[in-house]
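Dear colleague,

Please find below the structure that I am handing over to you. My notes on it follow directly after.

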Amino acid sequence: TSQVIAQVLAVMSEEKSDDLAGMVESQTTQGLKRVWHDPADDDFAVSLRKHGPLHKLRKTDDEDILSAVEYQERLRESFMQARRSRAHTISDKPAWLEEGSDEEVADSASEENHQDALKTDMKLTMHSASLPKTELDIMYYGGTRISCGFTRPVKYTEFHPTSDFLAVAGDKVMQLYQVGPTSSAKMASHVFPGFPITDGCFLPDASEIVVTGWNTSTTWWYNLEANTVKQQFTLPGRRERVLELPTAGPSKTSPVRPAGVLAFSGTNGYSLVIDARTRHVVRNFKNNAPVRGMAFHPDSEVMYTIDDDGGLYEWDMQSGRCKCRVQSAIGGKPKTLCLSPVDPRRLLIGTSAGTVDIVPISEKGIGKAPLKSMMNLTTAVSNVAFHPSGEVFGYASNEANAALRLVHAPSNTAFANFPEQFKSFRGKPTSLAFSKQGGLLAVGGASGVVHCFRMRHFA
């Protein structure tokens, strides 16, 4: 923008001669001017009615045509309003550019403290107080709920790994929201004609989102930076009829595969691991029955799968061999699988009986009998998710109203006040996601609504 250009010229003027500095000063005192003007902008016009996503830029219901200058100004206002929804104050000139600002003084004053800290072997981080295991300090967040406008249940919710951006998908639509304390601003929306979305996930490097559809091997890939979508009809070299359960590999990537790996469940009991950049299959693992859940070890080249017969597998990603297979003694048919991101010695298996069985993992292999079974629900468990800290995990059933529980992971105790204290939350939960930071929880519902909560312990 012209204001940014003026700031750059002001900095360059200090390095140039006094004559150049005087010239720049005289220009800025007369007012900010455009450095370059394109005559084609004078004939450029945008219709806010013909382009659906632009209707939010209107100030009145009758407004339609905007000139190029007006269109740019409206986009700028919309962006600033979305940023302010996160309770941040965005100024045209950052405070750190001001000479003698408070931040500059604080940085210079604390520089000596930083140097002193590096001379010691004391711990530089502090652990928060332990999480109470009886009641959870939780509240509504982001304006209570997000009305996505879906006519069908929300099938997919996931937070961006490094921000409060929330991806939501259901029916044939995927939307991106920026969740703030009082409201949630819609940042993007994409429609996939004839493609009922069933699931999705961020790639390990968070550059793209892949979504899967009902009874098809076709996938759609959304690039966040370019804001574009691409369709892929099948995986190269495979003839899978259906691709389901997209599961991102660990965020720690290797030089061989800088974009990381991604896994799908295919037909005939296959688990397919692909390179996230080339989208070629690098490993395929054969289970004895259709796959119901997959999970990657956060620190090792290991992946776990569970099939419809209750067979639990541990796969070596490097050799492609099965390291261990046990017939798990769980309380029903397996429905989903989840691994703790902090303590990868605990596997969570959601079952058709409404239980979540906690299975131990050790150097000797996978335990057959669960350490404990969470029996707070009476209908089949459809979603299980761990908080990134490993202190809390949640599970839900899409077959009953308010069938959602949060559990204190160290003690395996369900919090008694959730969701009972939220009387307005009475829908069927169809998806579940924790944010990587800030303690946010998003719960998708069968009515096309996403409820957002904040756990103050992690704030």
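Thr 212 has Thr 219 of strand β10 as its bridge partner. This is a predicted model, and the remarks below should be read accordingly. The pairing to which these two threonines belong joins strand β9 (residues 208-213) to β10 in the antiparallel sense, over 5 bridges. The two strands form a hairpin with 5 residues between them. In that turn, Asn 215 has a positive phi of about 55°.

Strand β10 also pairs with strand β11 (residues 228-232), again through an antiparallel arrangement with 5 bridges. Here Tyr 222 has Val 229 of β11 as its bridge partner. β10 and β11 likewise form a hairpin, with 4 residues between them, and Asn 227 in the turn has a positive phi of about 55°. How many residues of β10 are buried? The count is 4 of the 5 residues in the strand (residues 219-223), so β10 is largely enclosed by the rest of the structure.

Two arginines deserve a remark in connection with aromatic rings. Arg 279 lies over the face of Trp 221, at 4.0 Å from the ring centre. Arg 238 is placed over the face of Tyr 270, with a distance of 5.0 Å from the ring centre.

I turn next to the pairs of aromatic rings. Such a pair is described by the distance of the centres and the angle of the planes. The search of the whole structure finds 12 aromatic pairs. One of them is formed by Tyr 140 and Phe 453, which are stacked, at 4.9 Å centre to centre and with 20° between the planes. This pair links distant parts of the chain: Tyr 140 belongs to strand β3 (residues 138-147) and Phe 453 to strand β31 (residues 449-455), and the two are 313 residues apart. Are these two residues buried or exposed? Both Tyr 140 and Phe 453 are buried.

A further pair consists of Phe 192 and Phe 195, whose ring centres are 6.4 Å apart. Their planes stand at 55°, so the pair is tilted. Phe 192 is buried, because its relative accessible area is 1%. Phe 195 counts as buried as well, at 5% relative accessibility. Ring pairs also link Tyr 140, Phe 418, Phe 422 and Phe 453 into a cluster.

The cysteines come next. A disulfide is a covalent bond between the sulfur atoms of two cysteines. How many disulfides are there in the model? The count comes to 0. Cys 322 is in no disulfide, and the nearest cysteine sulfur, that of Cys 324, is 6.9 Å away; the cut-off for a disulfide is 2.5 Å. Cys 322 counts as partly exposed, because its relative accessibility is 37%. Cys 201, by contrast, is buried, with a relative accessible area of 5%.

Cys 201 is also one of the residues touched by Thr 247. Leaving aside residues up to four places away in sequence, Thr 247 touches Leu 262, Ala 263, Met 294 and Phe 296 in addition to that cysteine. Thr 247 is found in strand β12 (residues 244-248). Thr 247 counts as buried, because its relative accessibility is 17% and the limit for buried is under 20%. A polar atom of the Thr 247 side chain lies 3.0 Å from the backbone oxygen of Leu 245.

Two further positions complete this account. Leu 432 lies in strand β29 (residues 429-434) and is buried, with a relative accessible area of 10%. Which residues does Leu 432 touch, not counting those up to four places away in sequence? They are Thr 157, Asn 383, Ala 385, Gly 394, Tyr 395, Leu 404, Leu 441, Ala 442 and Val 443. The C-alpha atoms of Leu 432 and Val 450 are separated by 9.5 Å, with these positions 18 residues apart along the chain counted as their distance apart.

Ala 414 has its place in strand β28 (residues 413-414). With residues up to four places away in sequence left out, Ala 414 touches Met 374, Asn 376, Leu 406 and Val 407. Ala 414 and Phe 393 are 21 residues apart along the chain, and their C-alpha atoms are separated by 9.4 Å.

With kind regards

Definitions and conventions:
Residues are numbered from 1 along each chain as its sequence is written. This is a predicted model: local features need pLDDT of at least 70, side-chain atom pairs count only at pLDDT 80 or more; totals for chains, interfaces and linings use all residues. Side-chain values use heavy atoms; hydrogens and water are left out. Buried means under 20% relative accessible area, exposed over 50%, partly exposed in between (1.4 Å probe, protein chains only). A polar contact is a pair of N or O atoms within 3.5 Å; within protein, one must be able to donate a hydrogen and the other to accept it, and residues adjacent in sequence count only if both atoms are side-chain atoms. Contact means heavy atoms within 4.5 Å. Rings of Phe, Tyr and Trp (its six-membered ring) pair if their centres lie within 6.5 Å; planes under 30 degrees apart count as stacked, over 60 as edge-to-face and the rest as tilted. A charge sits over a ring if NZ of Lys or CZ of Arg is within 6 Å of the ring centre and within 35 degrees of the ring normal. Two strands pair if DSSP finds at least two bridges between them.
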